[in-house]
Amino acid sequence: MKRDLLISIFGGMLLLSCTNRETALTESQIVTPPAGTTELDTYINSTFTAPYNIGVSYTFNEYEIDIGRTLYPPSIDKVRPALETIRRLWVEPYNAQVGDLIRRISPRLLVLVGGYNYNPSGTITLGVAEAGVKITFFNVNQLDLSNSASLVRFIQTIQHEYTHILNQTKPFPAAYKQITPSGYKSTWYNVREADAREDGFITPYSELNELEDFAEMVATMLTNTKADFDNIINGITSDAAKTALRTKENMVADYFVVEYGIDIYELQKAVTDAIAEIASENAPNPTLTP
Amino acid sequence: MKTRYYIPLILIAAFACQNRTTNLFTETPTQRWEDKETALREQLIAPAAGYKVLYFPNNQKYGGFLFYMKFNTDGTVQMTSNVDNETAVLTSSYEVQFGSTVELNFSSYNHIHKLSDSGSGPNIGTGYEGNSTFQYQRIQDGKIYFKEYRRNADIVFEPVADMAEWDTVKQLIGNTSPIESYIRPDGTKSVFQIMTVNNGSTSEEYSVVYDPERKYVRLESNAEGGSDIGSGFGLAYDQTGATISPPLEIGGAALSRFEPDANGDLLAASGNVSARITFYDGLPSSALDKTAILREEIASGRSLFTGVYYYSDLNGQGYYENNFNSLGFNTLLRGVRSRRDYILFNISLTVNPSSNAASLSFERYDFSSNQFITIVYLLTYEIKDKLLFLTFDGIGISGSDPNGDQAKNLQARFQPMLDFFTGPKGLYFYTSGQSYRFIVNRADDTLVYDNNGRGASYTNIAGTLTSIDQPTLRMYFLFG
């Protein structure tokens, strides 16, 4: 009897000891910043986010960039012109070829950085793509819309990086690597452009590996008119290099047709026409003197 | 089971869930974060005339820059600074955000980002190594204290009483002011400088090497067992003095400000503790003995070489005028570098490691013959007591001056340069072991960069020779 009583008391205490006396959860106390409501934010939402599911980060967020580099955000007044350049030289030309390609396959985030991104080797990184999800554009503050060369430098980033994303979705043939197999090297930055071309590479950076080679071919084709691109190839002395680069060009063109149904020469014309248009629209007005 | 076994169990059960924890905080962690954030937001917008901020982006390398900034409730901040001559007030955005703690982030471009511009400043590639995200520490007496964690910089936002004070930046552009003349040697002052530190009972002497480009003082002590007062400090000038960072820790006092005194020196003092920076005629006893490195380089067969002109620029516009030369030496150089009949391209001092013979060569482009002609003067040398002694020993010859006629004819013109090298009190050799870098100025003082956008630089060891006879003259060179 006594034993039963003790067991009852003990059991009851155990049962009651863990009564939930905590107060119920209330509204979250974490303050989340409101969504951007500026004219620029509205533009970004209507031009990139809503139609293509692409976010744009233009304010300084050190968690989005390489913390080991010395970088700064773009001036606010430089952001929309840079994004318009991206829209007109990347989104629209691809859309004209395949209506839903950018919506289906594109980076999810564009990050804009104001200044130059210097590497320890002394070279400057124009842009970085991370896992096909994020593309970072550097030196946005230095973008000169009236200067075709500046536009080309800027847009080369996304043409190059978007090629990587396309390649990650549908790889290009392994035979591409065999066109100039012995020319790839990690010290590409010591190579002059003219020397790279004489070795069958369109730029020094092409010499890093076949992935960069392919992306550099696309970026160069899409930032030069057909005539200018032909002039580059025809200006090379080495016949072997010319043949190698024409072979690469053909493989790039075939890849775009076969995998995505894109005529790269039409795409090339659309991009280079737009570069000329933007430069012309932003050309400084001549000052008239009486 | 006996009853006595149940009693401890009952006691354990009875006391098991008693709440004996102590609440250190009355609010939840989230509330405390939010309170910190709110306090910072409210304090930022409190002063109507904004804040004065002195920011040393890396006080192990550079001086500091002055900012004025006013924060607004709409998330914008107005700012000006003395980083460069563009002092117009700019408006940009700021955010108070959660990071590893509550942070102030200057989220769009403004003056403060000039210190994060790797394409400008003294080091192309890193700029001034500045940051634009600061960690909030505390508010005290209306001041806001922040920490920049990459360089461990302390930043204090001090409320400003009147916005008229913002115009101060225009008198201090590029972190310069008339006060700098008290530490920056001009063509008439000795390049030897010392800092005498008095801790209230004893004095110690440190050699001062001032870098006018970085606004930074490097300190060196030759004294055995000398006090460790740090390797140097950056300066931020204003109209009456200079604030330094890190402060000098001497005798329990922290000296953070130098001001000119009646002797024309820069003085920092607190109670009976002081530090005084003085120009010093003659070789300071604290000057380090670097002659072992000089002997080593000579033994390796290297000459002491300094460039004057670009080879590629024969029109007389592209001369090197190096900020590491003293102003006095650059003045001396101007006297011999460009004449109607020649341009001086470089100077080299070659020393024979196995004898006491040396030679001094001046490579000139001669306009009458349109060729490079090297004239040579023979010397003898001796290295002792931290110094290099050179003695004139006659006219030498070269392939382009096989009989030494040119050297003879031009000796009078080059005599000031010969006097610099052969002063009887000797030349003080110094090197920090750093690589050689041309700070290239054209006549208008603008920087000239190479094709990669960088100032010309080499990995060779660089050094200086300073005349003890004429301590206004210091030549910068590389071993090559």
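Student: Why does A:Asp230 count as buried?
Tutor: A:Asp230 has a relative accessibility of 17%, and buried means under 20% relative accessible area, exposed over 50%, partly exposed in between (1.4 Å probe, protein chains only), so A:Asp230 counts as buried. This is a predicted model, in which local features need pLDDT of at least 70 and side-chain atom pairs count only at pLDDT 80 or more, while totals for chains, interfaces and linings use all residues. Residues are numbered from 1 along each chain as its sequence is written, chains are lettered from A and ligands numbered from 1 in the order in which they are written, and side-chain values use heavy atoms, with hydrogens and water left out.

Student: What makes the contact of A:Arg246 and A:Asp230 a salt bridge?
Tutor: A salt bridge needs a side-chain nitrogen of Lys or Arg within 4 Å of a carboxyl oxygen of Asp or Glu. The N to O distance for A:Arg246 and A:Asp230 is 3.0 Å, and their side chains meet in a salt bridge. A:Arg246 belongs to helix H9 (residues 239-260) of chain A and A:Asp230 to helix H8 (residues 226-234) of chain A, so the pair ties together parts that are 16 residues apart in sequence. Helices (H or I, at least four residues) and strands (E, at least two) are DSSP runs, numbered from the N terminus. A:Arg246, at 25% relative accessible area, is partly exposed.

Student: How many salt bridges does the search find over all chains?
Tutor: The whole structure has 34. One of them pairs A:Asp273 with A:Lys269 at 2.7 Å, N to O. Both residues sit in helix H10 (residues 264-281) of chain A, four residues apart, about one turn of the helix. In general, an α-helix has 3.6 residues a turn, so residues three or four places apart point the same way.

Student: Why is A:Lys269 called exposed?
Tutor: Its relative accessible area is 51%, so A:Lys269 falls in the exposed class. A:Asp273, with 33% relative accessibility, counts as partly exposed.

Student: What are the accessibility classes of B:Asp211 and B:Arg214?
Tutor: B:Asp211 is buried at 15%, and B:Arg214 is buried at 14%. Their side chains meet in a salt bridge of 3.1 Å, N to O. Over in chain A, salt bridges with shared partners join A:Lys226, A:Asp230, A:Arg246 and A:Glu249 into one network.

Student: How do you know that the span of helix H3 of chain A agrees with the expected one?
Tutor: The expected span is 1.5 Å times one less than the number of residues. For the 22 residues of H3 (residues 76-97) of chain A that gives 32 Å, and the end C-alpha atoms are 32 Å apart, so the two agree. H3(A) also bends by about 35° at A:Arg87; the bend is the angle between axes fitted to the seven residues ending there and the seven starting there.

Student: What is unusual about the phi of A:Asn139?
Tutor: A:Asn139 is not a glycine, yet its phi is positive, about 40°. Most residues other than glycine have a negative phi, and most peptide bonds are trans. A:Asn139 is in the loop between strand E6 (134-137) and helix H5 (148-169) of chain A, and is buried at 10% relative accessibility. B:Lys386 likewise is a non-glycine with a positive phi, about 70°.

Student: Why is the peptide bond from B:Ser245 to B:Pro246 called cis?
Tutor: Its omega is near 0°. B:Pro246 itself lies in strand E13 (residues 242-250) of chain B.
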